[in-house]
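Me: Can you walk me through this structure? I'll ask as I go.
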Amino acid sequence: VLYDTRDQPHVPDPTEFTAVKSRRSSKRRHDPGMDCEAAVKRPHFPPLSGDKLKGGADELRKVAVPANRYTPLKENWMKIYTPIVENLQLQVRFNLKTRNVEIKTCKDTLDIGALTKASDFVKAFVLGFQVEDALALIRLDELFLETFDVTDVKPLKGDHLSRAVGRIAGTGGKTKFTIENVTKTRIVLADTKIHLLGSFQNIKMARTAICNLILGSPPSKVYGNIRTVASRTAERF
């Protein structure tokens, strides 16, 4: 019997190797020489000076001074004037008509953030902080100011509001001084306004303690809580 081999499928020989084409499209390989050329052609911009960053125009900041701070400002004017002019190279004056402390940059100003530091320094003094405490805002970068009202924590009126402020101050200011020493902050009580000066973590601890006093916690419990938090923070760092 004869078979026609033309109709049978072709069986590949196991010893025969065939080249298989990859289905992926061949991508052009990057020539390292091209990267070198691109790096050479990349423009080089030198760092700008403070004068060029300002754009050539002098900036001006104004800090309003309330009537109760006129006399302290006059008495401590040289303590405020000296660091702003000599250390930050800024111009400062007190406008008698508008009752504002005006701070302005000049051609000698090198630090672009000097104007913000000076305005925060004057603002802290206007809020009631001592010049020595407010001066830390110029020397250190991680200090902040925060202000809130007693009624923001709890809507109190009349004698209840007065008692809440009294709990924050304590007898002879004892409670306020204790919170300042433990949290390493400075606190100013101005009527129902509370101003805090310090680092972010320290302000957070002091604000929590003051809020607990406003809500009615006894001072002894507040002392224990802030001492515990302060010791944990010291151990962490």
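Me: What comes after helix 4, and what is its phi like?
Reply: This is a predicted model. In it, Q89 follows helix 4, and the phi of Q89 is positive, near 55 degrees.

Me: Which residues are buried in helix 4?
Reply: I80, P83 and I84 are buried there. They are on the same side of helix 4, because they cover an arc of only 95 degrees around the axis.

Me: And what do the buried residues of helix 4 pack against?
Reply: Their partners are helix 3 (70–75), strand 2 (91–95), strand 3 (100–104), helix 5 (114–127) and helix 7 (136–139).

Me: Which exposed residues sit on the face turned away from the buried side of helix 4?
Reply: That face carries M78 and E86, which are exposed.

Me: New topic, the open sheet of three strands. What is the order?
Reply: The order is 4-6-5, and the pairing is antiparallel. Strand 4 (144–149) and strand 5 (186–190) each have a single partner strand, so one side of each has no neighbour in the sheet. From one strand to the next, the twist averages 15 degrees.

Me: How many bridges join strand 4 to strand 6?
Reply: Six bridges join strand 4 to strand 6, residues 193–198, and the two run antiparallel. In this pairing, D149 stands opposite K193 of strand 6.

Me: Which helix packs on the sheet?
Reply: Helix 11, residues 200–214, packs on it and touches strand 4, strand 5 and strand 6. The direction of helix 11 makes about 155 degrees with that of strand 6.

Notes. Residues numbered from 1 in each chain as written. Predicted model: local features only at pLDDT ≥ 70, side-chain atom pairs only at ≥ 80, totals over all residues. Heavy atoms only, no water. Pairing = 2+ DSSP bridges. Helix = DSSP H or I, 4+ residues; strand = E, 2+ residues; numbered from the N terminus. Axes fitted to C-alpha atoms, helices over the stretch in contact; angles between N-to-C directions. Contact = heavy atoms within 4.5 Å. Buried < 20%, exposed > 50% of the residue type's maximum accessible area, 1.4 Å probe, protein only. Arc of directions from axis to C-beta.
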